[in-house]
Amino acid sequence: MLSPLPASVVSRLAPTPSGFLHLGNAVNFTLTWLLVRQAGGTLHLRIDDLDRARVRPQYLENIFRTIDWLGLDYDFGPTGLDDFEQHYSQRHYLSDYTAVLQATLAANPTMVYACRCSRTGLARTSTDGRYPGTCRGAQVEAAVADVAWRVRVPEETLVCFDDLWQGPVQVGLARELGDFVIRKKDGWPAYQLASIIDDVRLGVTLIVRGLDLLPSTAAQLWLAQYLPGMEAFRRVQFGHHTLISGADGVKLSKSTQASSQRGIMAEAGGPVVVYRVVAQLLGLPVAAASSLISLQSALSTARNA
Ligand SMILES: [Zn+2]
């Protein structure tokens, strides 16, 4: 069981509207909500729509409906589709991302290099999914468009942090991820960079994720130390939850996500399916999963015991 979080805790639900939300998303949202609400902290809804080609209005709509269906609320963030497009879309923050990219290049010109590899070229040369380092010698010229920017991750890079659930964690970043992209070929910021900047803007102090995102966390913690103005990200507390639920063995992995095309709301009879997995992850009795309120009170009881 976790130790209580401070009332100053700030966290976020951070879905991507590139598909209908699946069981893993719903579990993550509910878990995050419980931890933040119990501490009396602040919760944001932060939608990642940088990958505009994959965004669909029905996926956006599904985010709001799923949050309602789960019985969750949040303190800040878009209230619906129009509000999101007008005020919260990441494209409104493009100049912020660009400013950080330029400042990073100016501060550490040798850390960033230009990559001209095509997706198909990469598929041919990489055997393990990591970038083979083909363009490592190429300098970035800030004015040149149409190239991706990658960061040079030294071979021995080890990222260490204390995880809420996993305890002390060590990730060999070069082995797990290799040199990763911080600016895409089209000039837009890549996920790892934008995610740091968004979380710092919202004042996030707690990030709850599935264990499959451990390499991303390591990449972001490592990258943040080189991004001017992003020091606060280094103090974020992370909690990575397991992807397997004990009793019924439902695996919340990518493969399960892919097979659930219709999304959790269409597939589950009710949100109790989600609450049950959350109860298991928190080590609470299954009986606590009958409603969100009973989950909340079981968590308080466990904390005060
Ligand atoms: Zn390349």
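This is a short talk on the fold, the nonpolar cores, one buried threonine and the zinc site of the structure above.

Hi everyone, thanks for coming. Please keep in mind that we are looking at a predicted model.

Let me start with the whole chain. There are 12 helices and nine strands in the protein chain. Its radius of gyration is 20 Å, close to the 19 Å that the globule rule gives for 305 residues, so the chain is as compact as a globular protein of that length. Along the principal axes, the C-alpha atoms fill a box of roughly 60 × 40 × 40 Å. Half-buried is a fair summary, with 50% of the 305 residues counting as buried. And if you take the contacts with a separation of 6 or more, 74% of them come from residues 24 or more positions apart.

Now to the inside. In soluble globular proteins, nonpolar side chains tend to be buried together. Here the largest nonpolar core has 43 residues, and Val 274, Val 278, Leu 284 and Leu 295 have the most contacts inside it. Several elements each supply at least two residues of this core, including strand 2 (42-45), strand 8 (206-210) and helix 12 (292-304). Which element gives the largest share of this core? That is helix 1, with 10 residues. You can see helix 1 from the side of Val 278 too: leaving aside neighbours within four places in sequence, Val 278 is in contact with Val 27, Thr 30, Leu 31, Leu 34 and Leu 295. Apart from this core lies another one, of 39 residues, with Leu 214, Leu 221, Leu 223 and Val 236 among them.

Let's stay on helix 1 for a moment, because Thr 32 counts as buried there, at 0% relative accessibility. What does its side chain reach? The side chain of Thr 32 comes to 2.7 Å from the backbone oxygen of Asn 28. Beyond four places in sequence, Thr 32 touches Ser 11, Arg 12, Leu 13, Leu 43 and Val 208.

Last stop, the zinc ion. Its protein donors are Cys 115 (SG), Cys 117 (SG), Tyr 131 (OH) and Cys 135 (SG), at 2.0 to 2.3 Å. Along the chain, these donors follow the spacing C-x1-C-x13-Y-x3-C. Cys 117 sits in the loop between strand 3 (112-115) and helix 5 (119-125), while Cys 135 is 18 residues away, in the loop between helix 5 and strand 4 (148-151). Both cysteines of that pair, Cys 117 and Cys 135, are buried. Why is the arrangement tetrahedral? Because the four donor atoms subtend angles of 98 to 126° around the zinc ion.

That's my tour, thank you!

Note on methods. Residues numbered from 1 in each chain as written. Predicted model: local features only at pLDDT ≥ 70, side-chain atom pairs only at ≥ 80, totals over all residues. Heavy atoms only, no water. Helix = DSSP H or I, 4+ residues; strand = E, 2+ residues; numbered from the N terminus. Buried < 20%, exposed > 50% of the residue type's maximum accessible area, 1.4 Å probe, protein only. Polar contact = N/O pair within 3.5 Å; in protein donor to acceptor, adjacent residues only side chain to side chain. Contact = heavy atoms within 4.5 Å. Core = buried A, V, L, I, M, F, W, Y, C linked by side-chain atoms within 4.5 Å. Donors = N, O, S within 2.8 Å, 3.2 Å for Na, K, Ca; no water. Tetrahedral: all angles 85-135°; square planar, octahedral: opposite > 155°, others 65-115°. Rg over C-alpha atoms; globule rule 2.2 N^0.38 Å.
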